[in-house]
Amino acid sequence: MEILIAFGSALWLGILTSISPCPLATNIAAVSFLSKKIAHPALVFLSGLAYTLGRMISYAVLGWVIISSLLSVPQVAQFLQKYSGKALGPLLIITGLILLEVITLRLPGVGLSQKHHNKLAEAGAPGAFLLGLIFALAFCPVSAALFFGSLIPLALNSKAGTLLPFMYGVGTGLPVLLFAVAIALGVTSISHWFNKITKLEFYTRRVTGVIFILVGLYYTGIYILRLF
């Protein structure tokens with residue numbers, strides 16, 4: 001049950017990341033741009049799938065490398081085993097405050113020139129795959145908070161460990177894949193659905209932020225203040 005809860009949490013964090021305004025706008029723009037370079041609907045879907053897989057693999061590999069690196073050093077592993085419980089509460093509280101936009105972050109972006117963007121788009125599925133790999137690393141404040149502030153600590157404290165970044169990657173890919181299917185089928189009301197998902201994300205992010213703060217306070221009470 002603990003592992004299932006961890007998998008579900010990682011999947012939800014990935015979905016929430018993907019429907020956040022910055023990643024969502026980037027994903028729709030990328031898939032729409034790819035569709036303009038390809039005439040056949042099946043190839044549009046294939047490129048959208050490749051782009052989605054690129055994002056998923058980028059998140060999964062990055063998370064796996066971070067977690068494996070931290071756990072492979074005995075001193076770091078011992079430090080995490082001793083203090084990760086105490087650090088989890090404050091981390092969740094800070095992440096919740098970022099999700100609620102009480103705390104704002106400014107992060108350097110990862111971008112491509114229009115020339116390289118066009119070359120990748122015209123390269124078909126392999127180019128779309130590389131585009132997904134690169135765009136996944138363009139962390140926005142919300143996605144950075146969810147990935148580094150929630151997923152990594154969750155993985156370090158879970159028996160599932162290095163499998164959780166993969167589940168997170170799957171979660172980030174699902175909404176993108178749905179938009180790729182919609183564009184391939186010629187759905188013309190993408191902007192309408194974009195607005196609906198943006199409104200949904202507004203509420204789900206805040207509910208998640210409040211839950212993170214409450215859970216963070218609980219862990220802080222257990223491991224730091226010894227209240228429970």
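Begin with the whole chain: residues 24 or more positions apart account for 82% of its contacts with a separation of 6 or more, a contact being heavy atoms within 4.5 Å. The model is predicted, so that local features need pLDDT of at least 70 and side-chain atom pairs pLDDT 80 or more, while totals for chains, interfaces and linings use all residues. Residues are numbered from 1 along each chain as its sequence is written, and side-chain values use heavy atoms, with hydrogens and water left out.

Next, colour the chain by secondary structure. Nine helices and zero strands appear; both are DSSP runs numbered from the N terminus (helices: H or I, at least four residues; strands: E, at least two).

Now display the surface. The chain exposes about 11800 Å², 72% of it supplied by carbon and sulfur atoms (Shrake-Rupley method, 1.4 Å probe; for residues, only the protein chains shown count as cover). Of the 228 residues, 43% count as buried (under 20% relative accessible area; exposed is over 50%, partly exposed in between; 1.4 Å probe, protein chains only).

Select residues 141-156, which form helix 7. Its 16 residues reach 21 Å from first C-alpha to last, close to the expected 22 Å (1.5 Å times one less than the number of residues). In helix 7, 12 of the 16 residues are buried, among them Phe147, Gly149 and Pro153.

Finally, select Leu53 in helix 3 (residues 41-72). Leu53 counts as partly exposed because its relative accessibility is 37%.
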